[in-house]
Amino acid sequence: KKPSFFALSNPLVGNPDLESEHGEGLDLTLVTLLAGGRLRLENSIYSTTYTGLVDLAEGPPPCMVNLGKVVSQGVTSSIHWTATEQLALRAYAAWNDLDVRDSDELLRLRPEWRAGGGATWMPHPAWELAADALYTGTREDSSVPTGRVGLPGYLRMDASVRYQLGDSFSARLSLENLANTGYEEAIGFPAPGRRLRVTLSWTH
């Protein structure tokens with residue numbers, strides 16, 4: 001993968017001498033279907049080795065650099081259950097271990113754990129109710145003013161109602177971050193609190 005234009009030429013952190021990233025990996029996935037296909041289980045293990053991965057070095061001065069070798073390995077599991085024609089349930093979890101070899105540089109905003117789940121219910125063909133939860137574990141981040149900072153994990157929950165009128169019109173009412181959880185997706189960028197979103201769609 002070639003370096004991005006940002007990484008090469010940004011006036012603050014760009015590095016025109018960056019080399020291309022390379023990676024090779026292996027993954028094994030087992031998919032199991034039960035209950036006539038209504039229950040789907042999927043489990044994967046993987047290991048990938050990157051050389052020359054492009055990332056930001058703190059400096060000073062901060063600059064985009066090629067990391068020597070990064071090993072990423074982990075496990076993911078998911079389950080999807082179509083309980084009835086109207087109700088579907090889902091859940092997943094992912095664990096990832098990152099090892100930056102021969103360097104004290106960190107890979108930012110890459111949590112060791114992620115997990116989530118949700119449900120979709122259609123009491124009527126025109127109505128759809130959905131609820132989702134997402135857990136993101138602790139992540140390391142850094143910035144010039146703060147240096148290296150550990151961002152705490154967080155749990156976010158969302159819910160929505162969609163109404164479909166014929167083939168042309170739909171309306172969706174979404175309540176995001178139900179519990180008004182306070183968290184930062186990156187240093188200095190707090191996520192919005194609880195908010196209501198209305199989406200209208202019309203197809204001609």
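Y183 is buried, at 7% relative accessibility. The model is predicted. Y183 sits in the loop between β12 and β13 and pairs with Y154 of strand β11. The structure holds two aromatic pairs. The chain itself has one helix and 15 strands.

**Overall form**

- The chain contains 15 strands and one helix. Its radius of gyration is 21 Å, well over the 17 Å that the globule rule gives for 204 residues, so the chain is more spread out than a compact globule.
- Along the principal axes, the C-alpha trace spans about 60 × 40 × 35 Å.
- Contacts were considered between residues at least 6 apart in sequence; 47% of them join residues at least 24 apart.

**Burial and surface**

- Of the 204 residues, 26% count as buried.
- About 13100 Å² of the chain is exposed. Carbon and sulfur atoms supply 59% of that area.
- The chain carries 18 positive and 24 negative charges. Their mean positions lie 7 Å apart.

**Two aromatic pairs**

- A pair of aromatic rings is described by the distance of the centres and the angle of the planes.
- The structure has two such pairs. In one, W127 and Y163 have ring centres 4.8 Å apart and planes at 45°. This pair is tilted, because an angle from 30 to 60 degrees is neither stacked nor edge-to-face.
- W127 lies in strand β8 (residues 127-136), and Y163 in strand β11 (residues 154-165). The two are 36 residues apart, so the pair links distant parts of the chain.
- W127 is partly exposed, with a relative accessible area of 38%. Y163 is also partly exposed, at 29%.
- Both values fall between the 20% limit for buried and the 50% limit for exposed, which means that W127 and Y163 belong to the partly exposed class.

**The stacked pair**

- The ring centres of Y154 and Y183 are 3.8 Å apart, with the planes at 10°. That angle is under 30 degrees, so the pair counts as stacked.
- Y154 belongs to strand β11. Y183 is in the loop between β12 (169-176) and β13 (184-186). With their positions 29 residues apart in sequence numbering, the pair links distant parts of the chain.
- Y154 has 11% relative accessibility and counts as buried. Y183, at 7%, is buried as well. Both values are under 20%, which is why the two residues fall in the buried class.

Note on methods. Residues numbered from 1 in each chain as written. Predicted model: local features only at pLDDT ≥ 70, side-chain atom pairs only at ≥ 80, totals over all residues. Heavy atoms only, no water. Helix = DSSP H or I, 4+ residues; strand = E, 2+ residues; numbered from the N terminus. Rg over C-alpha atoms; globule rule 2.2 N^0.38 Å. Buried < 20%, exposed > 50% of the residue type's maximum accessible area, 1.4 Å probe, protein only. Contact = heavy atoms within 4.5 Å. Areas by Shrake-Rupley, 256 points an atom, 1.4 Å probe, with all protein chains shown as cover. Lys, Arg positive; Asp, Glu negative; His and termini not counted. Charge placed at Lys NZ, Arg CZ, Asp CG, Glu CD. Phe/Tyr/Trp six-rings, centres within 6.5 Å; stacked < 30°, edge-to-face > 60°.
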